[in-house]
Amino acid sequence: MDAGHGGRDSGASYGERVEKDDNLAITLEVGRILEEKGFDVVYTREEDIYQAPFRKAAIANEQGGDLFVSIHRNSSGTPNQYQGVETLVYSAGGFPEEVAENINEELEEVGYINLGVEERPGLIVLNSTQMPAVLVEVGFINSDADNEFFSTRFEETARAIADGIAESFDEE
């Protein structure tokens, strides 16, 4: 599990919200839920430290995991311009797309708008991991509606991501 950004790389911000902090909080909660379900979870970071994307991929590769999940918050040029969740994959098809669709569908059940799955082959954490990888954008950090879901339905949001991951392995 990768909590996107960290340390000197704060990611996006909106008011008092800072992406690196939201990412770490939700990643640790998703990991805790997955561990309760019997999964072995390895984190790229468990505190507010900086790691280059290549280092995050290297940690995953050194551990030889079955799936790499990077968690982020999205942002747009104008506050409240967009809302919703999307999950990024290196390329369409196969297990990563299945995981992405399952996560998005679970988050849609919480109340987020499902923006779908998008290919992003240029992202290091997707193209440098030796295992299937997804990057989850858990709503827009500059959307008041998405922040409301993230704050008031935090446990449901974490459980939705964990359930989407778990059901993907059940389908194999």
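## Exercises on loops and packed helices

Ile113 lies in the loop between helix 3 and strand 6 (114-119). Bear in mind as you work that this is a predicted model.

**Exercise 1.** Decide whether Ile113 is buried, partly exposed or exposed, then find which residues Ile113 contacts beyond four places in sequence.

*Solution.*
- Step 1: Start with accessibility. Buried needs under 20% and exposed needs over 50%. Ile113 has 40% relative accessibility, so Ile113 counts as partly exposed.
- Step 2: Now look for partners. Once neighbours within four places in sequence are set aside, Ile113 is in contact with Gln83, Gly84 and Val85.
- Step 3: Add a distance. Ile113 and Asp146 are separated by 33 residues in sequence, and their C-alpha atoms are 9.0 Å apart in space.

**Exercise 2.** Find the residues other than glycine with a positive phi at His5 and Asn80, and place each one in the fold.

*Solution.*
- Step 1: Recall the background. Most residues other than glycine have a negative phi.
- Step 2: Take His5. Its phi is positive, about 65 degrees, although His5 is not a glycine. His5 sits in the loop between strand 1 and strand 2 (13-14).
- Step 3: Take Asn80. Here phi is near 60 degrees, again a positive value in a residue other than glycine. Asn80 belongs to the loop between strand 4 and strand 5 (85-89), and with a relative accessible area of 40% Asn80 is partly exposed.
- Step 4: Set a glycine beside them. Gly38, just after helix 1, has a positive phi of about 100 degrees.

**Exercise 3.** Work out how far apart Asp144 and Asn80 are in sequence and in space, and describe the setting of Asp144.

*Solution.*
- Step 1: Locate Asp144, which is found in helix 5. Its relative accessibility is 43%, so Asp144 counts as partly exposed.
- Step 2: Compare the two separations. Asp144 and Asn80 are 64 residues apart in sequence, yet 6.4 Å apart from C-alpha to C-alpha.
- Step 3: Check for contact. Leaving aside neighbours within four places in sequence, Asp144 is in contact with Tyr14 and Asn80.

**Exercise 4.** Test whether the end-to-end spans of helix 1 and helix 6 agree with their residue counts.

*Solution.*
- Step 1: The expected span is 1.5 Å times one less than the number of residues.
- Step 2: Helix 1 has 18 residues, so it should span 26 Å; its end C-alpha atoms are 26 Å apart, which agrees.
- Step 3: Helix 6 has 17 residues, so it should span 24 Å; the C-alpha atoms at its ends are 24 Å apart, which agrees too.

**Exercise 5.** Describe how helix 1 packs on helix 6, giving the angle and the distance between axes, the handedness and the make-up of the contact.

*Solution.*
- Step 1: Helix 1 (residues 19-36) and helix 6 (residues 154-170) have axes 9 Å apart and pack at about 55 degrees. That angle makes helix 1 oblique to helix 6.
- Step 2: The crossing of these two helices is right-handed.
- Step 3: On the helix 1 side, the contact includes Ala25, Ile26, Val30 and Ile33; facing them, helix 6 brings residues including Phe154, Ala158, Ile161 and Ile165. The contact residues divide into 10 nonpolar, one polar and five charged.
- Step 4: Look at what else surrounds helix 1. Its buried residues pack against strand 1 (2-3), strand 3 (17-18), strand 4, helix 5 and helix 6.
- Step 5: Zoom in on Thr27, which is placed in helix 1. With 0% relative accessibility, Thr27 counts as buried. Beyond four places in sequence, Thr27 touches Met1, Asp2, Ala3, Tyr43 and Ile71.

**Exercise 6.** Repeat the analysis for helix 3 and helix 6, beginning with their axes, and then find what covers the buried residues of helix 6.

*Solution.*
- Step 1: The axes of helix 3 and helix 6 come within 8 Å and cross at roughly 145 degrees. The crossing is right-handed.
- Step 2: Phe95, Val99, Ile103 and Leu107 are among the helix 3 residues in this contact, and among those of helix 6 are Ala160, Gly164, Ser168 and Phe169. The contact residues divide into nine nonpolar, four polar and five charged.
- Step 3: Residues buried in helix 6 include Ala160, Ile161, Gly164 and Ser168. Their cover includes helix 1, strand 4 (68-74), helix 3 (94-110), strand 7 (133-140) and helix 5 (144-152).

Methods:
Residues numbered from 1 in each chain as written. Predicted model: local features only at pLDDT ≥ 70, side-chain atom pairs only at ≥ 80, totals over all residues. Heavy atoms only, no water. Axes fitted to C-alpha atoms, helices over the stretch in contact; angles between N-to-C directions. Helix = DSSP H or I, 4+ residues; strand = E, 2+ residues; numbered from the N terminus. Parallel < 35°, antiparallel > 145°, perpendicular 65-115°, else oblique. Left-handed = near helix turned anticlockwise from the far one by under 90°. Contact = heavy atoms within 4.5 Å. Nonpolar A, V, L, I, M, F, W, Y, C, P; charged D, E, K, R; others polar. Buried < 20%, exposed > 50% of the residue type's maximum accessible area, 1.4 Å probe, protein only.
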